[in-house]
Amino acid sequence: ENVLIFSAIIGLCGNLNNVANFKEYLYDLIIGNDVNTDYKLDLKSFVPRKLIAKLHDLGNIFEYVYIFNTGKWMKWIEIREQLTIVETMKFNDIIIPTPTTIKIDYLINQVIPSKKHLLITGSTGTGKTLTVVNTLSKGFENDRFTFMKICLTAQTSANQIQSIIESKLQKGYRKFTPTNSRKGVIFIDDLNMPMKEKFGAQPPIELLRQWMDYGGWYELYSETKDFYNINEVSFITSMGSISSGRTITSRYLRHFIVMYMENYKQQVMENIYSNIMQWYVLKNKQPAISDKIIGIKDSIIKSTIQLFTSVNSTFKATPAKCHYTFNLRDMTKIFQGITRTNGWGIRDDNEMIKLWIHECERVFKDRLTDEHDRSTYDQLISNVMKNTIKRSYESYTKNNIILFGNFVDMIYRDNNKSLPP
């Protein structure tokens, strides 16, 4: 019963962006309520049955995974060791595990050996590409597996994608296979990007669908146009949310297990950026980041999240302002800018707040096109600072232009960075 319930959660709910209603239905089904009547399903010969599995004690069942070996339910975050932050890391190496990314990693490791195909969809900036590439790099580039990544664009043609895939495979008699007798994984990013042709089809998608249906395609550059099988490969794909207006044909979609990556909740975002700020403190030891700055770093994180939420809900894209689109990458750019400084440049909490204001203006305000929008932004950041940092935005900007930059390399005496530059 537990296996059946977990399979239903992954298979039926994986592509939902709001599981609240289904969760209520699932709990009613498990405890034996007459869901046929309650939800007006009109199922013939349905008999309610109470299941043995006790899931109400777990809380939110969608945050749990059923471990087959132990027969226990565990939170997704508990099945993976937490990342240990070390000072030698680079910014792009800091990949903080979240319940959603752990779930995707788990599914990839289950799907590929089963020769199934996985499609991951979700809003921009949720880490779809990063999660897949990180998982494939760690577990599927060895003597048993190999993988390739292909990124589609609006101008990608069917001939181009066929040539790219064939160039990465080994050619045999009327077949292509991965090199060295391995199994291949083809990761296609931005799957829904190719432009539609006159009759509404997307030629690259139709070529990939042909492989799903028939196991191969016809040779491009020979007179005989022989049919070549593409053997021992699986597909992992990702694409943006269909709310952007870009979709793919249902005839192709039916071949995939679909998983939706939801936007991060505030608690998850706070955990991600807390780890980044922890790394920032660790890597700056000579001179060390001041205690005053460390004391406000949690307020800086909360302020950034609140400001991002306010900006995202206030400024909407229009035909005249089509670039008014904000996602989690923008928030990451703010912290990336902050962590490029050191203890010599940012000496106390006031300078850190000025730097934070500068980075927010660089990412958010510089995108705004008219004075009315910029004034609205000033009001938003002023309200956020009053509520979280307990400082006045006007006191920092009234008589000063806040501007930070790195125009020359620091020169240290005897190359000793512990001394003033």
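Mentor: Buried means under 20% relative accessible area, exposed means over 50%, and partly exposed is what lies in between (1.4 Å probe, protein chains only). This is a predicted model, where local features need pLDDT of at least 70 and side-chain atom pairs count only at pLDDT 80 or more, while totals for chains, interfaces and linings use all residues. Residues are numbered from 1 along each chain as its sequence is written, and side-chain values use heavy atoms, with hydrogens and water left out.

Trainee: Fine, let's try strand β10. Why is it called largely enclosed?

Mentor: Strand β10 covers residues 233-240, and eight of its eight residues are buried, so the rest of the structure largely encloses it. Val233, Phe235, Thr237 and Met239 point one way, while Ser234, Ile236, Ser238 and Gly240 point the other, and all are buried. As for the names, helices (H or I, at least four residues) and strands (E, at least two) are DSSP runs, numbered from the N terminus.

Trainee: How do you know that β7 and β10 pair?

Mentor: Count the bridges: two strands pair if DSSP finds at least two bridges between them. β7 and β10 run parallel and are joined by five, so they qualify under that rule. Isoleucine 186 has phenylalanine 235 as its bridge partner in β10. Strand β3 (residues 118-122) pairs with β10 in the parallel sense too, over five bridges, and there leucine 118 is partnered by isoleucine 236.

Trainee: What makes β4 and β11 edge strands?

Mentor: The open sheet has five strands in the order β4-β7-β10-β3-β11, with parallel pairing. β4 (145-151) and β11 (257-261) each pair on one side only. The average twist from one strand to the next is 15 degrees. β4 meets strand β7 (residues 183-189) over seven parallel bridges, with methionine 148 opposite isoleucine 186.

Trainee: How do you get the angle between helix α6 and β4?

Mentor: Fit a line to the C-alpha atoms of each one (for helices over the stretch in contact), then take the angle between the N-to-C directions, which runs from 0 to 180 degrees. Helix α6 (residues 158-167) lies across β4 and β7 and comes out at about 155 degrees to β4.

Trainee: And the four-stranded sheet: which of its strands stand at the edges?

Mentor: The order there is β5-β6-β9-β8, an open sheet with mixed pairing. β5 (170-172) and β8 (216-218) are the edges, each with a single partner strand, so one side of each has no neighbour in the sheet. Its twist averages 25 degrees from strand to strand. Helix α7 (residues 203-214) packs on this sheet by touching β8 and β9, and its direction makes about 120 degrees with that of β8.

Trainee: Why does aspartate 105 count as buried?

Mentor: Its relative accessibility is 19%, so aspartate 105 falls in the buried class. This residue belongs to helix α4 (residues 99-111). Leaving out residues up to four places away in sequence, aspartate 105 touches Arg80 and Thr135, where contact means heavy atoms within 4.5 Å.

Trainee: Now helix α9. Why is leucine 282 called partly exposed?

Mentor: Leucine 282 has 27% relative accessibility, so partly exposed is the right label. Asparagine 275, also placed in α9, is buried because its relative accessible area is 13%. Leucine 282 touches Ile85 and Glu87, and asparagine 275 touches Ile85 and Ile96; both lists skip residues up to four places away in sequence.

Trainee: What span is expected for helix α12?

Mentor: The expected span of a helix is 1.5 Å times one less than its number of residues. α12 (residues 349-363) has 15 residues and reaches 21 Å from first C-alpha to last, close to the 21 Å expected. Twelve of its 15 residues are buried, which leaves α12 mostly covered. The cover includes α9, α10, α11, α13 and α14.

Trainee: Where does α10 bend?

Mentor: At lysine 297, by about 40 degrees. The bend at a residue is the angle between axes fitted to the seven residues ending there and the seven starting there. Still, α10 has 24 residues and reaches 35 Å, close to the 34 Å expected. Lysine 297 itself is among the buried residues of α10.
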